[in-house]
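Got your viewer open and a hand on the mouse? Let's take a walk through this protein, one selection at a time.

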Amino acid sequence: MRDSQEFESRHRNDWVVIAALNSDHQPGFVECIATLGGIRGETGERRFLVPRSDYVIGRHGFVIDPLKQRPYDGPSSFVTWAARL
């Protein structure tokens, strides 16, 4: 519990991934949806493309590195994934 609270405190101003899937449009990449602090339901969601080799989920989640990953606004694999439901 304390580890989780420390993670949340340390990353409250960072983009934390709340959903991810392998990109159909960019092979070798994971398309991620992230919010500040990883808080679900926030209006400030952003999408990022992360190289699959970099996408290693830690104990409490994956934090976007703004020096490596930039916001992505291209075609979304989330759209085709949601259509499968």
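Here is a tour in seven stops, going from the whole chain to single residues and back out to a pocket.

**Stop 1: the whole chain**

Before you click on anything, keep in mind that this is a predicted model. Switch to a cartoon view and follow the chain from its start: the pattern reads α-β-β-β-α. That gives you two helices and three strands. The chain has 85 residues, and 31% of them are buried. Now turn on contacts, if your viewer can do that. Among the contacts with a separation of 6 or more, 42% are between residues 24 or more positions apart.

**Stop 2: the hairpin**

Select residues 15–22, which are strand 1, and then residues 29–36, which are strand 2. These two strands run antiparallel and are joined by seven bridges. Together they make a hairpin, with six residues between them. Click on Gly28 in that turn: its phi is positive, at about 90°.

Next, pick out some partners across the hairpin. Select Ala19, and you'll find Ile33 of strand 2 standing opposite. Do the same with Val16, and its bridge partner in strand 2 is Thr35.

**Stop 3: the other side of strand 2**

Keep strand 2 selected and add strand 3, residues 46–51. Which way do these two run, parallel or antiparallel? They run antiparallel, with six bridges joining them. For one example of facing residues, select Glu31 and look for Leu49 opposite, in strand 3.

How many of the eight residues in strand 2 are buried? Six of them are, so the strand is mostly covered. While you have the strands on screen, here is a handy rule: in a regular strand, side chains alternate between the two faces of the sheet.

**Stop 4: two pairs of rings**

Show the aromatic side chains as sticks. A search of the whole structure turns up two aromatic pairs. For one of them, select Trp15 and Phe48: the ring centres are 6.2 Å apart, with 55° between the planes, which makes a tilted pair. This pair links distant parts of the chain, as Trp15 sits in strand 1 and Phe48 in strand 3, 33 residues apart. Why do both rings count as buried? The cut-off for buried is under 20% relative accessible area, and Trp15 comes in at 16% while Phe48 is at 3%.

Now select Tyr55 and Phe62. Their ring centres are 4.8 Å apart and their planes meet at 45°, so this pair is tilted too. Tyr55 is buried at 18% relative accessibility, and Phe62 is buried at 9%.

**Stop 5: the nonpolar core**

Leave those four rings on, because they belong to the largest nonpolar core. To see the whole set of ten residues, select Trp15, Val17, Val30, Cys32, Ala34, Phe48, Val50, Tyr55, Phe62 and Ile64. Strand 1, strand 2 and strand 3 are the elements that give two or more residues to this core. The largest share is from strand 2, with three residues.

Zoom in on Ile64 and show what is around it. Leaving aside neighbours within four places in sequence, Ile64 is in contact with Trp15, Val17, Ala34, Phe48, Val50 and Gln69.

**Stop 6: the loop before strand 1**

Move to the loop between helix 1 (2–10) and strand 1, where you'll find His11. His11 is buried, with a relative accessible area of 13%. Not counting residues up to four places away in sequence, His11 touches Val16, Gly37 and Val63.

Asp14 is in the loop between helix 1 and strand 1 as well. Is Asp14 buried or partly exposed? At 27% relative accessibility, Asp14 counts as partly exposed. Try the distance tool on Asp14 and Thr35: they are 21 residues apart in sequence, and their C-alpha atoms are 7.9 Å apart in space. With neighbours within four places set aside, Asp14 is in contact with Thr35, Leu36, Gly37 and Val63.

**Stop 7: the largest pocket**

Finish by switching to a surface view. The largest pocket has a volume of about 150 Å³. Its lining includes His11, which you met at the last stop, along with Ser4, Phe7, Glu8 and Arg40. Add His60 and Gly61, which line the pocket too. Helix 1 and strand 1 each supply at least two residues of the lining.

Definitions and conventions. Residues are numbered from 1 along each chain as its sequence is written. This is a predicted model: local features need pLDDT of at least 70, side-chain atom pairs count only at pLDDT 80 or more; totals for chains, interfaces and linings use all residues. Side-chain values use heavy atoms; hydrogens and water are left out. Helices (H or I, at least four residues) and strands (E, at least two) are DSSP runs, numbered from the N terminus. Buried means under 20% relative accessible area, exposed over 50%, partly exposed in between (1.4 Å probe, protein chains only). Contact means heavy atoms within 4.5 Å. Two strands pair if DSSP finds at least two bridges between them. Rings of Phe, Tyr and Trp (its six-membered ring) pair if their centres lie within 6.5 Å; planes under 30 degrees apart count as stacked, over 60 as edge-to-face and the rest as tilted. A nonpolar core is a set of buried Ala, Val, Leu, Ile, Met, Phe, Trp, Tyr and Cys residues joined through side-chain atoms within 4.5 Å. On a 1 Å grid over the protein atoms alone, a cavity is a set of points where a 1.4 Å probe fits but cannot get out, and a pocket is an open set with protein on both sides within 12 Å along at least five of seven lines; lining residues have an atom within 4 Å of a point. Grid points are joined across faces, edges and corners, and a volume is the space filled by probe spheres set on the points.
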